[in-house]
Amino acid sequence: MIAFLKVVHIAAVCLWAGGILGLPLLGLQRARAAGPGGPVQLEAMMRFAYTVVVSPAAFGAIASGIALVFLRDVFMPWFSLKLALVGALVLVHTMVGLAIIRIPRRGRHYPPLRMTIFLALGLLLIGGILYLVLSKPHLQPLLLPDMLGEPGGLRRAVERLILR
């Protein structure tokens, strides 16, 4: 079961990461799309890729990752940092989607600087996630209380505050 879930997770992550990196590159190509229907076809392809391939892959990657957390009991500082980077990647995913939907409706091109920033952020976040997952570095919790590294620690802290 765990091996199958890992395969699903890795496949979904690969599709998601490819989309996060590929869609801004397609946005940069829109200005160069030649022909009468070139930009319109490129925009339709980008919307299709985002809604039918990349977004479901993101959902699958996150859902299978959550399932793996419960099956593997991963409570390490590197994993917490990885989750923070995944959260940032979700924000980049959302910003790319908003750019794909909004900008062509206004009759404009995708701003090259914005697409370049999305591409750079995606590369940095995906690279950081890969580094953390593959090397599993021993990180000391940075100025965080020990209870944040324990399962149920935050709940116990909140209960102590409420019951005072």
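The accessible surface of the chain comes to about 10600 Å², and carbon and sulfur atoms account for 72% of that area. The model is predicted. With the whole chain displayed, 31% of its 164 residues are buried. Colouring by secondary structure brings up five helices and zero strands, in the order α-α-α-α-α from the N terminus. Of the contacts between residues at least 6 apart in sequence, 77% join residues at least 24 apart.

**First stop: helix H1**

Select residues 2-29, which form helix H1. This helix has 28 residues, and the distance from its first C-alpha to its last is 40 Å, close to the 40 Å expected at 1.5 Å a residue. Now show the side chains of its buried residues: Leu5, His9, Ala12, Trp16, Ala17, Gly19, Ile20, Leu23, Pro24 and Gly27. Keep Leu5, His9 and Leu23 on display, since the next two stops return to them.

**Second stop: Ser64 in helix H2**

Extend the selection to helix H2, residues 38-72, and centre the view on Ser64. Is Ser64 buried or exposed? Its relative accessibility is 5%, under the 20% cut-off, so Ser64 counts as buried. Apart from residues up to four places away in sequence, Ser64 touches Leu5, Val8 and His9. Two of these, Leu5 and His9, are among the buried residues of H1. A distance label can also be drawn from a polar side-chain atom of Ser64 to the backbone oxygen of Ala61, where the separation is 3.2 Å.

**Third stop: Tyr50, also in helix H2**

Move along helix H2 to Tyr50. This residue is buried, with a relative accessible area of 11%. Leaving aside neighbours within four places in sequence, the contacts of Tyr50 are with Leu23, Ser55, Pro56, His93, Thr94, Gly97 and Ile100. Leu23 is one of the buried residues of H1. Which backbone atom does the side chain of Tyr50 reach? It is the oxygen of His93, at 3.0 Å. For a comparison along the backbone, label the C-alpha atoms of Tyr50 and Ile101: they are separated by 9.8 Å, while the two residues lie 51 residues apart along the chain.

**Fourth stop: helix H3**

Select residues 77-105 to display helix H3, and pick out Lys82. Lys82 has a relative accessibility of 13% and therefore counts as buried. Its contacts, not counting residues up to four places away in sequence, are Ile129, Leu132 and Val133.

Next, show the rings of Trp78 and Phe79. The structure holds one aromatic pair. The ring centres of Trp78 and Phe79 are 5.7 Å apart and the planes stand at 90 degrees, so the pair is edge-to-face. Both partners are buried: Trp78 at 10% relative accessibility, and Phe79 with a relative accessible area of 9%.

**Fifth stop: helix H4 and the residue after it**

Helix H4 covers residues 112-135. Its 24 residues reach 34 Å from the first C-alpha to the last, close to the 34 Å expected at 1.5 Å a residue. Its buried residues are Met115, Phe118, Leu119, Gly122, Leu125, Ile126, Gly128, Ile129 and Leu132. Among these, Ile129 and Leu132 are touched by Lys82.

H4 is followed by Lys136, which lies in the loop between H4 and H5. What is notable about the backbone at this position? Lys136 has a positive phi of about 45 degrees although it is not a glycine. Most residues other than glycine have a negative phi. With a relative accessible area of 47%, Lys136 is partly exposed.

**Last stop: helix H5**

Finish with helix H5, residues 153-163, displaying the side chains of Arg155 and Glu159. The count of salt bridges comes to one. Glu159 and Arg155 form a salt bridge in which the closest N and O atoms are 3.4 Å apart. Side chains of opposite charge can pair when their charged atoms come close. Why are the two residues separated by about one helical turn? The reason is that Glu159 and Arg155 are four residues apart in helix H5. An α-helix has 3.6 residues a turn, so residues three or four places apart point the same way. A surface display then gives the accessibility of each partner: Arg155 counts as exposed at 52%, whereas Glu159 is partly exposed, with a relative accessible area of 36%.

Terms used
Residues numbered from 1 in each chain as written. Predicted model: local features only at pLDDT ≥ 70, side-chain atom pairs only at ≥ 80, totals over all residues. Heavy atoms only, no water. Buried < 20%, exposed > 50% of the residue type's maximum accessible area, 1.4 Å probe, protein only. Contact = heavy atoms within 4.5 Å. Areas by Shrake-Rupley, 256 points an atom, 1.4 Å probe, with all protein chains shown as cover. Polar contact = N/O pair within 3.5 Å; in protein donor to acceptor, adjacent residues only side chain to side chain. Expected span 1.5 Å × (residues − 1). Phe/Tyr/Trp six-rings, centres within 6.5 Å; stacked < 30°, edge-to-face > 60°. Salt bridge = Lys/Arg side-chain N within 4 Å of Asp/Glu carboxyl O.
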